[in-house]
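Me: I'm new to reading protein structures. Could you walk me through a few features, one at a time?

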Amino acid sequence: MASLISCPHCGARPKEEFTIKGAVLSRPAADAGHQAWTDYVYLRDNPRGTHREYWHHTSGCRRWLVVTRDTVSHEVGFCQDAAAAKLAEVRP
Amino acid sequence: MRYSALSILLNGLTGNRGWRAAWRDPQPKAHYDVVIVGGGGHGLATAYYLAREFGIANVAVLEKNYVGSGNVGRNTTIIRSNYLLPGNNPFYELSMKLWEGLERDFNFNAMVSQRGVLNLYHSDAQRDAYTRRGNAMRLHGVDAELLDRAAVREMLPFLDFDNARFPIQGGLLQRRGGTVRHDAVAWGYARGADSRGVDIIQNCEVTAIRRENGRVTGVETTRGFIGCGKLALAAAGNSSNVAAMADLRLPIESHVLQAFVSEGLKPFINCVVTFGAGHFYVSQSDKGGLVFGGDIDGYNSYAQRGNLATVEHVAEAGKAMIPALSRVRVLRSWGGIMDMSMDGSPIIDHTYLDNLYLNAGWCYGGFKATPASGYCFAHLIARDQAQETARAFRLDRFERGFLIDEKGMGAQPNLH
């Protein structure tokens with residue numbers, strides 16, 4: 001994995017400053033039903049290749065980020081603020 | 001050919017020209033009763049017990065690389081059965097009992113060494129937790145001893161007992177735990193299975209699973225189509241991808257776990273010892289190298305290599321436990337891909353397809369489980385019924401809320 005990660009707020013920062021949480025999943029509605037919640041909590045695509053995941057810039061701006069990373073080459077691609085990513089999803 | 005002292009002597013006298021390959025290199029047949037995907041420890045053990053215990057020898061083991069190229073040759077060789085929960089403990093104890101008779105059983109020297117596994121504790125709370133674990137083990141008929149500081153000091157005088165942050169108060173010892181030469185486990189099972197008629201087909205990657213009317217009919221591979229009566233998946237590390245060929249989505253993430261070996265040293269650590277204040281475990285191989293490891297890197301990976309931050313973290317934990325390690329040079333490090341399940345426990349179960357069976361989710365505890373995993377998976381495949389010690393390892397336990405969460409971490413696989 002690259003030693004430097006481009007945080008949208010802090011610029012290029014050492015990767016040790018970040019904590020990786022895991023896959024970006026969309027949370028079902030509270031009343032979405034048993035199957036939807038089982039899928040969300042337990043089941044994973046676990047892709048070999050491009051993976052969108054939540055990172056926390058723990059030792060920097062402390063913002064949640066959405067990072068696109070390749071699970072085979074460990075190459076880090078696009079890195080954006082999680083709130084901005086969410087807004088982009090909501091927009092038509 | 002049976003290996004014995006006599007066979008070594010006779011072959012030695014005749015220039016060692018009589019040895020044959022330990023297993024054949026057969027062409028795949030058009031159809032098998034059982035096809036096992038994955039020629040690692042678990043797949044080979046499954047084939048071995050299918051042939052030896054359950055009378056099913058028309059079996060193929062398909063391995064995309066070579067036998068022993070995956071996790072069975074990448075772990076830190078530790079065996080133990082010091083589990084707390086009722087769903088886990090009898091299964092791992094079955095595994096320990098199988099380890100104890102394994103070399104005679106499959107006529108191969110796997111260097112099973114019951115040198116003891118010692119888990120250190122550093123606080124009163126941790127001592128209480130280990131007391132509970134030790135009692136749970138003893139209630140299940142497993143050996144466990146709680147050692148105080150003096151007893152640990154006698155075993156391992158070089159530990160940092162008076163570490164300012166994590167002083168060592170004692171440890172939980174399982175004397176029957178220890179190490180096994182991991183490659184020999186793969187070779188022994190491969191040879192044992194092969195000699196009973198199982199075809200071990202290497203460099204044969206499964207690319208698709210063919211289905212008709214809710215049943216699997218065979219697999220497409222890089223060496224052509226192979227039909228099967230039953231299909232068994234034992235492809236830990238890649239379980240999600242293989243299962244996806246049958247439209248099965250698993251409660252698993254693939255993560256990388258690194259391991260290390262140092263330069264050869266004179267005998268100095270005579271057991272397996274683990275740090276209780278961080279994740280670090282070390283033993284000394286018979287060649288003298290210290291074999292050690294720590295946590296998974298903590299992110300999804302299929303790369304079989306990790307990052308330096310984790311190397312540094314492992315080294316720090318090791319030095320906090322054994323200050324002398326600061327003088328030791330590391331020779332090699334490598335990574336293996338773990339099936340991290342959502343509760344830290346494995347899956348040995350049927351699937352929604354009648355004749356598709358799944359063995360997955362071993363997290364980083366798969367090696368010690370190899371014999372029992374093979375035995376229980378073979379039992380399931382042969383009799384369509386879970387072996388009694390593996391009944392809790394259901395695929396639907398997540399949905400039904402019957403998790404086996406040994407560490408109490410919840411559905412966060414990078415924390416198990």
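Reply: Sure, let's take helix packing, then the core, then the chain contact. Keep in mind that this is a predicted model.

Me: How do I describe two helices that pack together?

Reply: Two numbers do the job: packed helices are described by the angle between their axes and the distance between the axes. Here, look at α2 (residues 41–52) and α9 (residues 370–383), both in chain B: their axes come within 7 Å and cross at roughly 55°. That angle makes α2(B) oblique to α9(B), because neither roughly parallel nor roughly perpendicular fits it. The crossing is right-handed.

Me: Which residues of α2(B) and α9(B) meet?

Reply: On the α2(B) side, they include B:H42, B:A45 and B:Y49. Among their partners in α9(B) are B:Y375, B:F377 and B:I381.

Me: What about the core? Which residues have the most contacts inside the largest one?

Reply: Those are B:V35, B:V59 and B:V61, in a nonpolar core of 123 residues. Both domain 1 and domain 2 of chain B supply at least three residues each to this core. A second, separate core has 7 residues, including A:I5 and A:L65.

Me: What does B:V59 touch, beyond its neighbours within four places in sequence?

Reply: Its contacts include B:Y32, B:I36, B:L50 and B:V198.

Me: And how many residues does each chain bring to the contact between A and B?

Reply: In general, the size of an interface is often given as the accessible area lost when the parts come together. Counting residues instead, chain A brings 15 and chain B brings 21. On the chain A side, β3 (19–23) and α1 (34–42) each give two or more residues, and α1(A) gives the most, with 3.

Notes:
Residues are numbered from 1 along each chain as its sequence is written. Chains are lettered from A and ligands numbered from 1 in the order in which they are written. This is a predicted model: local features need pLDDT of at least 70, side-chain atom pairs count only at pLDDT 80 or more; totals for chains, interfaces and linings use all residues. A nonpolar core is a set of buried Ala, Val, Leu, Ile, Met, Phe, Trp, Tyr and Cys residues joined through C-beta atoms within 7 Å. A residue is buried if 20 or more other C-beta atoms lie within 10 Å of its own, exposed if 12 or fewer, and partly exposed in between; C-beta atoms are placed from the backbone. Domain bounds come from an automatic or database domain assignment. Two residues are in contact if their C-beta atoms, placed from the backbone, lie within 7 Å. Axes are lines fitted to C-alpha atoms, for helices over the stretch in contact, and angles run from 0 to 180 degrees between N-to-C directions. Helices (H or I, at least four residues) and strands (E, at least two) are DSSP runs, numbered from the N terminus. Angles under 35 degrees count as roughly parallel, over 145 as roughly antiparallel, 65 to 115 as roughly perpendicular and the rest as oblique. A crossing is left-handed if the near helix is turned anticlockwise from the far one by less than a right angle, and right-handed if clockwise.
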